[in-house]
Amino acid sequence: MSLRAPSAPREFSASGGFPLSFDPRALPATLALLALLLGASLAQGAVQLPAGFRCELFAEVPAARHLNVDARGTVWVGTTGSAVYAIPDGNRDFKADRVIKVLDGLNGPNGVAVQGDDVYVAEVDRIRRYPALARQLGAPPPPLLVRTLPSERHHGYRVLRFGPDGLLYVALGAPTNVGEVQDPHGTLARLRSDGQGFEILARGIRNSMGFDWHPVSGELYFTDNGRDMLGDDLPPEELNRLSRVGQHFGFPYRFGNNLKDPEWGDRAPAGLTFTPAVAFMEAHVAPLGMRFYRGSMFPAAYQNQAFIAQHGSWNRSTPLGYRVVTVQGSRATVFAHGWLQGGSVSGRPVDVQELSDGSLLVSDDHAGKVYRITYRR
């Protein structure tokens, strides 16, 4: 199945209006085009950005979740449903040529990673490799099982990325709101592309849905979603930094700046050392995908800053989140917002992905869209 991506508006007449003579047979196509243009206009108008930035509709992808881009410029989109999509850009104009459903019938294929021509997909219960799929974008080859994963769906959507070391990194959420869990739940792990050498890097992570390596230090940073049912303002959401293998980031015993969880704080094993977060965000904003900005399109002040997609609260008395923030040091600043207006939600950002021209893609699983943010001086 192939879904047409939005194309540039075409001229209707020399004066810019509709043709003087109109063929009724063209009405369906005309109405479809008008709907597409209106949708693009609404997408641009709803999202508020700093001066000089512009948001456009890049493509419509049902339940669009985590993003990846390969060496050809093809954007890969995982979903919480059953499909994986590819958005090729053959002429490298940073516009979607088309949207192709390349895989279907999968179990929540949230995470997609690409190495060479091979595409790796993280479903809830397994990681599989599709040889040469990035080259052909046609009938998928028989998949090869890389590794089985825990099958619980609670916090079961996986983020999958290749690291600078060539290894495959995956976050494995805790299948509970709060409570002690057993490995590999509540961890960040890595393995070789053939599935061997599985290694747990960090524990005490409730549900990380985004990670990236700092462009200068090379350290691994990751988001983590705090527990629910402690009211509107606890616990704070976190951005963490992994400095060495074996660190414990607190769940379920600690949160925030080493604060004790009221239910589990006194049950921590003796001698266990906790690593506090490096940056905090408001409770329940649900930070998911994150990337450090490495490009040159945005102003220099954004270089090496972390962009984080906040999916938004689901049980807060006053909704919060539904935006993209930047983090420099320990401070988070709102960058893109407007998906939440007066308690009404029009979109829920999931992931961010930089393109090679320095523009930034943002996925939205609520509206089923991928946006592109650009900057012009």
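**View 1. The whole chain has 2 helices and 30 strands.** Helices here are DSSP runs of H or I with at least four residues, strands are runs of E with at least two, and both are numbered from the N terminus. This is a predicted model, where local features need pLDDT of at least 70 and side-chain atom pairs count only at pLDDT 80 or more, while totals for chains, interfaces and linings use all residues. Residues are numbered from 1 along each chain as its sequence is written, and side-chain values use heavy atoms, with hydrogens and water left out. Of the 377 residues in the protein chain, 53% are buried (under 20% relative accessible area with a 1.4 Å probe, protein chains only; exposed is over 50%, partly exposed in between). The chain exposes about 16400 Å², and carbon and sulfur atoms supply 51% of that (areas by the Shrake-Rupley method with a 1.4 Å probe). Take the contacts (heavy atoms within 4.5 Å) with a separation of 6 or more: 52% of them link residues 24 or more positions apart.

**View 2. An open sheet runs β15-β16-β17-β21.** Its 4 strands pair antiparallel, where pairing takes at least two DSSP bridges between two strands. At the edges sit β15 (211–213) and β21 (279–281), each pairing on one side only. From one strand to the next, the twist averages 20 degrees (axes are lines fitted to C-alpha atoms, and angles run from 0 to 180 degrees between N-to-C directions). Zoom in on β16 (residues 220–224) and β17 (residues 237–242), and you find 5 bridges joining the antiparallel pair. Leu220 has Leu242 in β17 as its bridge partner.

**View 3. Another open sheet runs β22-β23-β24-β25.** Here too there are 4 strands with antiparallel pairing, and the edge strands, each paired on one side only, are β22 and β25. Neighbouring strands of this sheet are turned by 30 degrees against each other on average, direction ignored.

**View 4. Edge strand β22 up close.** All the way along β22 (residues 287–292), 6 of the 6 residues are buried, so the strand is largely enclosed by the rest of the structure. Its antiparallel partner is β23 (residues 306–310), joined to it by 4 bridges. Look for Phe292 opposite Ala306, and for Arg291, whose bridge partner in β23 is Phe307.

**View 5. The largest nonpolar core has 20 residues.** A nonpolar core is a set of buried Ala, Val, Leu, Ile, Met, Phe, Trp, Tyr and Cys residues joined through side-chain atoms within 4.5 Å. Phe298, Phe307, Val324, Phe335 and Ile373 have the most contacts inside this one. Two or more residues each come from β2 (53–60), β23, β25 (331–336), β29 (360–364) and β30 (369–375), with β2 giving the most, at 3 residues. Leaving aside neighbours within four places in sequence, Ile373 is in contact with several residues, including Leu49, Phe53, Phe298, Phe335 and Val362.

**View 6. Arg372 is a buried arginine in strand β30.** Its relative accessibility is 9%, so Arg372 counts as buried. The Arg372 and Ser359 side chains share a polar contact of 3.0 Å (a pair of N or O atoms within 3.5 Å; within protein, one must be able to donate a hydrogen and the other to accept it, and residues adjacent in sequence count only if both atoms are side-chain atoms). Not counting residues up to four places away in sequence, Arg372 also touches, among others, Arg54, Glu56, Phe94, Met297 and Asp357.
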